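Hi,

Here is the structure I promised to pass on to you. Have a look at it first, and then read my notes below.

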Amino acid sequence: MKKRIAVEKFNFPVERIKSGYYSDAYFLRTEEILNGDNNHPRVMMQVFTRKHVVVCGIDEVIALIKTCAHHPDDIVINALYDGDEVSPWETIMTIEGDLADFAHLETIYLGILARQSRIATNVRNVVKAANGKSVLFFPARYDIYQTQESDGYAAMVGGIKGFSTDANALFSGSKGLGTIPHALIASYNGDTIAATEAFDKYVAEGIARIALVDFDNDCVNTALAVARKLGRKLHAVRLDTSGNIVDKSVLPQMGMFNPTGVCKELVFNVRKALDAEGFDYVRIVVSGGFDTKRIADFEAASAPVDTYAVGSSFFDGNINFTADVVAVNGKECSKAGRRLIPNPRLELVK
């Protein structure tokens, strides 16, 4: 049985929303006209998108309507569930009631669906490309902080379990994950070993020891040095080589591939070196510009990556939704080019 998130889990600025502060002005004019003319037909609003997407944000939209509509008890909602995959033009939700009660919410609910579905869709594509390997959600720095909770929820719906901030991790019931930033290594005068030892000394034992090994652009030797120092306590090394330079271990191999940044050849070099000294238990995490295509390329080459940390590409693309009135007082009525498209997958929201 699929379950919906309880309305109480969402927190809206109710008075501002009801006042129309976040609404396109013409929706507010619509309510003003309908109320002024005492014209209150019962309409059916149909919501759809033009792309194949993983739909997300439905539970928040339901909560929005139940919290911020006028006379929400008179509104009937039928909807899919967050995480459902939909085809172009497939109806994902219908809203039935007096348009004057919920017209002011259209701007907001379409925006919720657009953002969360874009992230959920991108995440699911990345997770599929990773072939069962772990994927970490690390895009918080690429957008304003107020979106982190809903972004993390969309990522969870898409299939991710590891997040970089507590806010991203809220709906999963977990905490933010993290390793060592370059700033910490710089604070130890560029000494990766010293920074990693400090991490090991002061961070709780339950936190995985994952060393960042690209500070000197010598991932192989730095990974070996950290592994020799921490031994079995070292869980993984992270490769995050800048996209405009070539790691020292890759220089002799140049000629038939793009050698910059975290390339497949660098991952193979680090894996081979670690295994040769008995550190086969040390995992490899990669980050820096990864998206669906790049991960698929790594997987096609059987690159020995254990975890992909992905950031800005989760915000790529443009997914949007449209809402149309398709029936009035039980009879079909819609603009030319749009029509009522019943969807047997919709379920009544109770």
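**Notes on the strands, the buried residues and the pockets**

Phe137 has Phe163 in β7 as its bridge partner. That pair is a handy place to start, and before going further, please keep in mind that this is a predicted model. Strand β6, residues 134-137, runs parallel to β7, and two bridges join them.

Those two strands belong to something bigger. Which order do the strands of the open sheet follow? There are six of them, arranged β7-β6-β11-β10-β9-β8, with parallel pairing. The edges are taken by β7 (162-163) and β8 (209-212); each has a single partner strand, so one side of each has no neighbour in the sheet.

While you are looking at β6, click on Leu136, which is found in that strand. Is Leu136 buried or exposed? A residue counts as buried under 20% relative accessible area, and Leu136 has 14%, so it is buried. What does Leu136 touch, once its neighbours within four places in sequence are left aside? The contacts are Ile160, Gly162, Leu177, Thr307, Tyr308, Ala309, Val310 and Phe314. You can also check the spacing to Ser164: this residue is 28 residues from Leu136 along the chain, and their C-alpha atoms are separated by 7.5 Å.

Now for another set of strands. Strand β1 (residues 42-49) is joined to β12 by seven bridges, and these two run antiparallel. Thr49 is the residue that stands opposite Phe321 in β12. On top of that, β12 pairs with strand β13 (residues 331-332), again in the antiparallel sense, over two bridges. One match to look for there is Val328, whose bridge partner in β13 is Lys331. Together β12 and β13 form a hairpin with two residues between them. In the turn, Asn329 has a positive phi of about 50 degrees.

β12 is mostly covered, with six of its eight residues buried. Asp324 lies in this strand, which spans residues 321-328. With a relative accessible area of 10%, under the 20% cut-off, Asp324 is buried. Which side chain does the side chain of Asp324 make a polar contact with? The partner is the side chain of Arg338, at 2.7 Å. Setting aside neighbours within four places in sequence, Asp324 is in contact with Arg338 and Lys335, as well as with Met44, Met45, Gln46 and Phe48.

One more charged residue that I looked at is Arg124, which lies in helix α5. Arg124 is buried too, with a relative accessible area of 16%. Not counting residues up to four places away in sequence, Arg124 touches Val54, Gly83, Glu85, Val157 and Gly158.

Helix α5 also leads us to the pockets. How much space lies in the largest pocket? It comes to about 710 Å³. This pocket is lined by 21 residues, and the closest to its centre are Asn11, Phe12, Glu60, Gln146 and Ser150. Three helices each supply at least two residues of the lining: α3 (58-68), α5 (106-129) and α6 (148-158). Which element gives the most to that lining? α5 does, with six residues. By type, the lining of the largest pocket divides into 10 nonpolar, seven polar and four charged residues.

The second largest pocket has a volume of about 450 Å³. Its lining consists of 25 residues; Phe138, Arg141, Tyr142, Arg238 and Ser287 lie nearest its centre. Here the split is 10 nonpolar, 11 polar and four charged.

Finally, some figures for the chain as a whole. There are 11 helices and 14 strands in it. Of its 350 residues, 51% count as buried. The C-alpha atoms fill a box of roughly 80 × 40 × 35 Å, taken along the principal axes. Among the contacts with a separation of 6 or more, 73% come from residues 24 or more positions apart.

If you want a quick tour, start at β6 and Leu136 in the open sheet, go on to Asp324 in β12, and finish with α5 beside the lining residues of the largest pocket.

Cheers

Key:
Residues are numbered from 1 along each chain as its sequence is written. This is a predicted model: local features need pLDDT of at least 70, side-chain atom pairs count only at pLDDT 80 or more; totals for chains, interfaces and linings use all residues. Side-chain values use heavy atoms; hydrogens and water are left out. On a 1 Å grid over the protein atoms alone, a cavity is a set of points where a 1.4 Å probe fits but cannot get out, and a pocket is an open set with protein on both sides within 12 Å along at least five of seven lines; lining residues have an atom within 4 Å of a point. Grid points are joined across faces, edges and corners, and a volume is the space filled by probe spheres set on the points. Helices (H or I, at least four residues) and strands (E, at least two) are DSSP runs, numbered from the N terminus. Two strands pair if DSSP finds at least two bridges between them. Buried means under 20% relative accessible area, exposed over 50%, partly exposed in between (1.4 Å probe, protein chains only). Contact means heavy atoms within 4.5 Å. A polar contact is a pair of N or O atoms within 3.5 Å; within protein, one must be able to donate a hydrogen and the other to accept it, and residues adjacent in sequence count only if both atoms are side-chain atoms.
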